[in-house]
Amino acid sequence: MDVDLLKKLVSVDTSGGRNREKAVEIIVKASRERGLEAEVVVDKKGIPNVLVYGRGSGKRVLFVTHYDVVPPGEGWTKDPFNPVLVDGKLYGRGAADDKGAIVAVLEGISKVEGNVEPVLVVAGAEETGESGDFMRSLEGDLAVIVDSGPTPTVGASGVLKWTVIVKGKQAHSAYPFLGENALYGASKVVSFVEEFGRFAEKFLRSKYRGAEHYERLPVRASATVLHAGSAWNIIPSSATVEISIRTVPGWNNDVVEPLFLDLLDEFARGNGIEYELRKDIDMGTWVSGGKEVERFLEVYREVTGIHVEPAVELGGTDGVHFADRMPVVQFGPLRPENNVHGPDEFVYLKDLELVERVVERFVEEGL
Ligand SMILES: [Zn+2]
């Protein structure tokens, strides 16, 4: 594992579109030093991305990473852009998400002559969602999204997100009988969502293991934002509740949406709640399989000695940009305890070494 290269990459602040050229230059130089061909692809938005071609021929395997990071935010006890190594952990913004993955894959593919054609994909604006078009432009026979945890996953949850606007009637709070308090209606909607969430976790389960926590990954529902009221002495005339539902294979958006909305409507009518509904996000789940994915899981088992059943991510991933054209598997050095997107982000060097070994072995053995 080239810790110096990783430190160099982490020291470049690539949050919010900063220093793209500098990061790209480091990646291209490190690739060429390893005798690999590297190409900078500037996308339609003017964002530079890098493709590094490993040695080998056969089916094309894309290892997908990104060099941009989220801003450091508050609460760091270390300098986010002056990486330090403590007890096998490298601290710094992007050490785990996703610069560690770039270096691990680069090391892995540069050590072997492959029985596949390995390509390291380094996107430039993943965190802001701007790299989707670039990713959708790539072709291959398997995509490995190296932007997740050390247990391989083969799918991701979907998202349904609504804003419920509860209607009431404004009045002076000294005369509540003249108004209708939208906040009370909204709080009932919040309780309804909580109930639905409990029901979903129990009964709307997929056949897949969750990447974390769940034996069988269920649909999850939460009320996440509540807006209401303008002053202490005014009965509010409207209140909004934002609702986030995570869907799973077998209980995808087209099944969960009518179920939830029918129940919500029945609940609202039964409680005399008047409301409007706005749908903000509708992104379906996906799950991958086939012999390429199986092969990857086999290599993972060979290297680690751990037998894994295919699991599905609790959130969404960039796999969605590939899953319509090729099989997808997700595997990387990001653990929940790594404080990815939080203060004092770090990565375990042993996780990076594992990624490197699995990538190396997979490229060597081929599909
Ligand atoms: Zn990431």
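**Zinc site**

I started with the spacing of the zinc ion's donors along the chain, which is H-x30-D-x49-D; donors here are N, O and S atoms within 2.8 Å of the metal (3.2 Å for Na, K and Ca), and water is not among the atoms, so sites may look incomplete. I noted that this is a predicted model, where local features need pLDDT of at least 70, side-chain atom pairs count only at pLDDT 80 or more, and totals for chains, interfaces and linings use all residues. Residues are numbered from 1 along each chain as its sequence is written, and side-chain values use heavy atoms, with hydrogens and water left out.

Which atoms hold the zinc ion? I found His66 (NE2), Asp97 (OD) and Asp147 (OD), with Asp147 (OD) listed twice, at 1.9 to 2.5 Å. I then saw that His66 sits in strand 3 (residues 60–66), while Asp147 is in the loop between strand 7 (142–145) and strand 8 (153–156), 81 residues apart. Strands (E, at least two residues) and helices (H or I, at least four) are DSSP runs, numbered from the N terminus.

I checked the geometry too: the angles among the four donor atoms run from 54 to 145 degrees, and the site is irregular. Four donors would count as tetrahedral if all angles lay between 85 and 135 degrees, or as square planar if opposite donors were over 155 degrees apart and all others between 65 and 115; six count as octahedral by that second test, and anything else is irregular.

Are His66 and Asp147 buried or exposed? Both are buried, meaning under 20% relative accessible area (exposed is over 50%, partly exposed in between; 1.4 Å probe, protein chains only).

**Strand 14**

Next I looked at strand 14 (residues 238–247), where eight of the ten residues are buried. Strand 14 pairs antiparallel with strand 9 (residues 158–167) over ten bridges; two strands pair if DSSP finds at least two bridges between them. Val159 has Arg246 as its bridge partner. Strand 12 (residues 220–228) also pairs antiparallel with strand 14, over eight bridges, and there Ser222 partners Ser244.

**A three-strand sheet**

My last stop was an open antiparallel sheet in the order 4-5-19. Strand 4 (84–86) and strand 19 (346–348) are at the edges with a single partner strand each, so one side of each lacks a neighbour in the sheet. Strand 5 (residues 89–91) is joined to strand 19 by three bridges, and Leu90 stands opposite Val347.
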